[in-house]
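Colleague: I am new to this structure and would like to understand the words used to describe it. Please set each value against the definition behind it.

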Amino acid sequence: MAAHRRPIGQYLFPIVSLGLAALIHFGAASIEHSPLSIKILALIVVAIFIFATVFVVLHHAEAVALRLGEPYGTLLLTFSVTAIEASVIVSMMLHGENNPTLARESVFSTVMIVCAGVVGVCLTLGGLKHRYQDIKRQGTNASLAVIMALTVLTLILPNYTLATSPGTFSTSQLAFVSVLSILLYGAFVFAQMVRHRGDFIEDLTSSAEHEAHVSEGGKVTTSVLLLFAGLAGIVLLTEQVAGSIENGLEFLQVIQADAIVGFFVATLVLMPEAVSAVRAALNNELQRGLNVALGSACATIGLTIPAIGAASLLTGRSLTLGLGPGDTVLLILALAVSIVSFGTGRTTMLTGLVHLVVFVTYLFLIFVP
């Protein structure tokens, strides 16, 4: 039987995305002085390559996941996407004038997109197709507990500390919370991979089927290299697009420019995980979908906050993490709904619709505060 050949696009898009990012970076000055039509055309081309590369990255991530097995494949994708977001946020923090709230908006957007948007779509579509779907409460509740602790410590607590102005941490407080975040996320990964691995894994249907899936994984080394090449291209291209959008919103004097940019960055970098989670839910593998979605939220807070905290401490740029009253209410509502949705161990379309209502409200208030 002839060997399976990869479509050329699986090689092309990660490599071309990296090359396009390098071309834009070194030719940034010439693009900056180009006519408006050229700038718009360049943004459209970059956006097309970003979206195409996202789906190629998803394919390679799933191929690696099939080879490594769960939860290692899911963790690899989670770490990769978190590295993207942390890199984009830090680079935008260090670009131009200080923007103390951009990191907060990006992290908050990630949590809302995951806990309200992605989870809502998974439960709704999975419920429509399969009527009822079962989950493992131990693993899901563990993920949710980590998310709740990290979000409150990093996005709500800064509004109530006394050492500095509301919404900010002092140097020692920021370092303390960053270390706690890393330790808590490390404990979560240890539980997911070693100590309580069975709480996060759905039962395999059969060893023969599992072996068939593994055989579809292809050469894992090639997939890993193309995965990281694609992720690097997404990082660099997203930074370029986000920077242009931020400049445009500032020129138009949009009220919540940071919130819009944060949502845009979070949406782009979460797209591979979001599509992977929805596919899993449609295949009646809801637990795997929730592992991907909730794991990304845990990693975003547990790893991105320490990264931007370190950047803030090293560069001396101020960092505002505390959410405003309206965002705080939405965050608490999304977490509370998640507790109720996962409490019985069985989900339906109705529980998914409740999550989507919260998500649509969040989207509406970004543009109509």
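Modeller: Let me begin with contact, which means heavy atoms within 4.5 Å. This is a predicted model, in which local features need pLDDT of at least 70 and side-chain atom pairs count only at pLDDT 80 or more, whereas totals for chains, interfaces and linings use all residues. Residues are numbered from 1 along each chain as its sequence is written, and side-chain values use heavy atoms, with hydrogens and water left out.

Colleague: Which residues are in contact with Thr124, leaving aside its neighbours within four places in sequence?

Modeller: They are Met349, Gly352, Leu353 and Leu356. Thr124 itself lies in helix 5, where a helix is a DSSP run of H or I with at least four residues and a strand is a run of E with at least two, both numbered from the N terminus. By that count the protein chain has 13 helices and 2 strands.

Colleague: Why is Thr124 called buried?

Modeller: Buried means under 20% relative accessible area, exposed means over 50%, and partly exposed is in between (1.4 Å probe, protein chains only). Thr124 has a relative accessible area of 9%, so it is buried. Ser106, which is also in helix 5, has a relative accessible area of 1% and is therefore buried. In space, Ser106 is 7.7 Å from Val261, C-alpha to C-alpha, although the two are 155 residues apart in sequence. Over the 369 residues of the protein chain, buried residues make up 50%.

Colleague: What makes Pro166 exposed?

Modeller: Its relative accessibility is 64%, so Pro166 counts as exposed. Pro166 lies in the loop between helix 6 and helix 7, and, apart from neighbours within four places in sequence, it is in contact with Pro158 and Asn159. Pro166 and Leu321 are 155 residues apart in sequence, with their C-alpha atoms 9.4 Å apart in space.

Colleague: Why are Arg131 and Asn284 singled out for their phi?

Modeller: Most residues other than glycine have a negative phi. Arg131 is not a glycine, yet it has a positive phi of about 70°, and Asn284, also not a glycine, has a positive phi of about 60°. Arg131 lies in the loop between helix 5 and strand 1 and, at 60% relative accessibility, counts as exposed. Asn284 lies in the loop between helix 10 and helix 11 and, with a relative accessible area of 41%, is partly exposed.

Colleague: How do you know that helix 10 and helix 11 are roughly antiparallel?

Modeller: Axes are lines fitted to C-alpha atoms, for helices over the stretch in contact, and angles run from 0 to 180 degrees between N-to-C directions. Angles under 35 degrees count as roughly parallel, over 145 as roughly antiparallel, 65 to 115 as roughly perpendicular, and the rest as oblique. The axes of helix 10 and helix 11 come within 7 Å and cross at roughly 160°, and the two helices are therefore roughly antiparallel to each other. Their contact includes Leu270, Glu273 and Ser276 of helix 10 and Arg288, Gly289 and Val292 of helix 11.

Colleague: How do the residues of that contact divide by class?

Modeller: Ala, Val, Leu, Ile, Met, Phe, Trp, Tyr, Cys and Pro count as nonpolar, Asp, Glu, Lys and Arg as charged, and the others, Gly among them, as polar. The contact of helix 10 with helix 11 accordingly has 7 nonpolar, 3 polar and 2 charged residues.

Colleague: What makes helix 12 and helix 13 roughly antiparallel?

Modeller: Helix 12 and helix 13 pack at an angle of about 170°, with their axes 10 Å apart, and they are therefore roughly antiparallel to each other. Among the residues that meet are Leu330, Leu333 and Ala334 in helix 12 and Val354, His355 and Tyr362 in helix 13. By class, this contact has 8 nonpolar, 5 polar and no charged residues.

Colleague: What makes a set of residues a nonpolar core?

Modeller: A nonpolar core is a set of buried Ala, Val, Leu, Ile, Met, Phe, Trp, Tyr and Cys residues joined through side-chain atoms within 4.5 Å. The largest has 63 residues, of which Met112, Ile308, Leu331, Phe342 and Tyr362 touch the most other members. Helix 5 gives the largest share of this core, 13 residues. Another core, of 19 residues, lies apart from it and includes Val46 and Leu227.
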